[in-house]
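Dear colleague,

Please find below the structure that I am handing over to you. After it, I set out what was found, in an order that I hope will be easy to follow.

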Amino acid sequence: MSKLIEKVVLARLNKHMDENNLHCSNQFGYKKHHSTETLLLQIVDETLIGFGKKNGTVLILLDMSAGIDTVDLNKLLEILENKIGLKGTALKWFRSFLTGRSQKVKVAGVVSELLATLFGVPQGSVLGPVLFNIYVSSLTDVAKSLCTASSSYANDTNARIQLSFDFQYANITKTIPLLLEYIGQWMNRYFLKLNPSKTEIIFLFPPHLQHIPKLHGVFVQNQCIRFSENVKFLGIHFDESLSFEHHISEISSNCHYHLNNIAKIRRYLSEPDLKKFMHAFISSKLDYCNSLFSGISNSAKAKLQSIARIVLGLSPYTSLTDDMLCDLQWLKYDQRVIFKILLLTHKFFMNIAPAYFSDVLFIVDCDQRLLNVVYLNSKSGRRSFSYCAPRYWNCLPKEIRLLNDTVKFKASLKTVLFTNTNNIMQAALGYSAYC
């Protein structure tokens with residue numbers, strides 16, 4: 001019953017926040033139509049376009065220590081009243097929901113005395129994650145005050161500083177320490193604490209500018225923080241040039257591990273059950289955030305494509321044909337990336353995508369559902385979602401672009417990619433346009 005009541009309250013709270021535009025646009029966790037992939041896509045898209053302008057990006061990954069457990073309930077109730085606008089019975093309900101709780105600990109069969117819970121939103125509750133998002137929503141204002149970008153997925157927060165290499169010294173030695181100082185002050189006010197062991201900084205820069213001297217660290221409170229060459233954020237490994245070579249190797253290694261385990265029981269599985277295993281253990285890893293991997297190197301694609309060969313039980317000397325992949329309903333890796341990009345673009349037209357999509361995708365013909373095509377000269381810029389998505393989308397047949405049913409769109413898109421990928425890829429590369 002309590003979960004049911006929480007769901008009703010959450011639905012009404014979200015409706016109130018939607019109608020009054022109270023959602024934090026930079027928070028992607030526990031929000032409808034938002035995900036880790038859409039957050040990472042925003043970071044990668046901004047960075048790749050910056051590469052085309054010969055700019056680098058300093059990415060600061062912040063991690064809060066047990067943030068949900070240290071929420072000040074009185075401050076949260078103040079935010080609900082003053083910022084979200086909850087009054088009267090609604091505010092009384094939240095006060096009753098959050099306060100008056102107690103907890104005890106059981107160790108080796110011995111139970112402690114009850115202690116009042118003065119901090120933290122209830123973990124495992126329906127409302128807990130959303131209330132935490134509301135509590136930390138003002139953190140993005142700290143980054144904005146220094147003209148830096150910021151976004152979060154629950155308590156995983158990042159700040160981004162895009163800079164020209166000519167001015168890297170001033171930006172890195174002054175802006176980063178000041179930003180971390182402001183964030184530290186904000187954390188103290190909200191009874192939160194950064195997790196130093198998981199807070200990392202990486203300097204992302206274009207591959208063709210590797211010869212330019214770059215700073216590799218910064219002093220913060222008389223301590224030198226060295227920049228990382230590779231960081232992991234929300235399950236994705238970032239390297240300095242956004243080649244994702246390390247991440248692709250990790251995926252390949254992980255998939256091979258699971259394939260070896262499946263091979264040990266393969267003879268006991270029926271064909272339908274085997275396919276379920278493959279999709280559960282392999283497809284999910286290949287498809288996670290693969291919209292980021294447009295334009296990756298041929299060697300990286302070959303690593304991932306080789307997984308299909310093992311799934312089909314082929315020897316290294318046997319050619320992998322389109323018919324074999326079609327029988328398995330397995331798209332080539334290039335096709336999988338295009339599929340995800342087009343699916344996200346479809347969601348933009350269905351108004352079920354994050355708000356920032358409206359900043360990178362511009363409709364030029366509502367009746368035909370055509371997008372404005374941007375022109376970028378750099379190789380890095382042409383890897384970006386802003387560049388690829390309109391080209392892929394505009395070359396789809398009109399009847400598919402106009403589909404409103406997402407399930408039907410996915411089925412029709414898969415069919416088109418099995419039969420007509422070359423035209424779509426040529427259009428994305430700017431060689432031709434097919435409509």
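Contact here means that heavy atoms lie within 4.5 Å of each other. Angles run from 0 to 180 degrees between N-to-C directions. Please bear in mind throughout that this is a predicted model.

With those terms in hand, we may turn to a sheet and the helices that lie across it. The sheet is open and has four strands in the order 6-7-1-8, with antiparallel pairing. Strand 6 (149–153) and strand 8 (200–204) are the edge strands; each has a single partner strand, so one side of each is left without a neighbour in the sheet. On average, and with direction ignored, neighbouring strands of this sheet are turned by 20° against each other. Five bridges pair strand 6 with strand 7 (residues 156–164) in the antiparallel sense. Ser151 has Asn158 in strand 7 as its bridge partner.

Two helices may be described against this sheet. Helix 2 (residues 36–52) lies across strand 1 (55–63), strand 6, strand 7 and strand 8, and it runs at about 10° to strand 7. Helix 7 (residues 168–189) lies across strand 1, strand 7 and strand 8, at about 155° to strand 7.

A hairpin deserves separate attention. Strand 11 and strand 12 form it, with two residues between them, and Leu234 in the turn has a positive phi of about 55°. Strand 11 (residues 230–233) and strand 12 run antiparallel and are joined by four bridges. Lys232 stands opposite His237 in strand 12. In a regular strand the side chains alternate between the two faces of the sheet. Strand 12 (residues 236–239) is covered on both faces: Ile236 and Phe238 are buried on one side, and His237 and Asp239 are buried on the other.

Phe238 leads on to the interior. In soluble globular proteins, nonpolar side chains tend to be buried together. The largest nonpolar core has 64 residues, and Phe238, Leu286, Leu292, Phe293 and Phe385 are those with the most contacts inside it. Helix 12 (residues 333–349) supplies the largest share of this core, namely 10 residues. A second, separate core has 52 residues, including Leu91, Leu127, Leu163 and Phe205. Residues up to four places away in sequence aside, Phe238 touches several others, among them Leu40, Ile43, Val44 and Phe233.

Is Thr117 buried or exposed? Its place is in the loop between strand 5 (115–116) and helix 5 (128–135). Buried means under 20% relative accessible area. Thr117 has 19% relative accessibility and therefore counts as buried. Leaving aside neighbours within four places in sequence, Thr117 is in contact with Leu73, Arg101, Ser102 and Gln103.

Finally, I turn to the protein as a whole. Its secondary structure comes to 16 helices and 14 strands. The radius of gyration is 24 Å, close to the 22 Å that the globule rule gives for 435 residues, so the protein is as compact as a globular protein of that length. Taken along the principal axes, its C-alpha atoms fill a box of roughly 65 × 60 × 55 Å. Buried residues make up 47% of the 435 residues. Of the contacts between residues at least 6 apart in sequence, 71% join residues at least 24 apart. The protein exposes about 22300 Å², and carbon and sulfur atoms supply 54% of that area.

Yours sincerely

How values were computed
Residues numbered from 1 in each chain as written. Predicted model: local features only at pLDDT ≥ 70, side-chain atom pairs only at ≥ 80, totals over all residues. Heavy atoms only, no water. Core = buried A, V, L, I, M, F, W, Y, C linked by side-chain atoms within 4.5 Å. Buried < 20%, exposed > 50% of the residue type's maximum accessible area, 1.4 Å probe, protein only. Pairing = 2+ DSSP bridges. Rg over C-alpha atoms; globule rule 2.2 N^0.38 Å. Areas by Shrake-Rupley, 256 points an atom, 1.4 Å probe, with all protein chains shown as cover.
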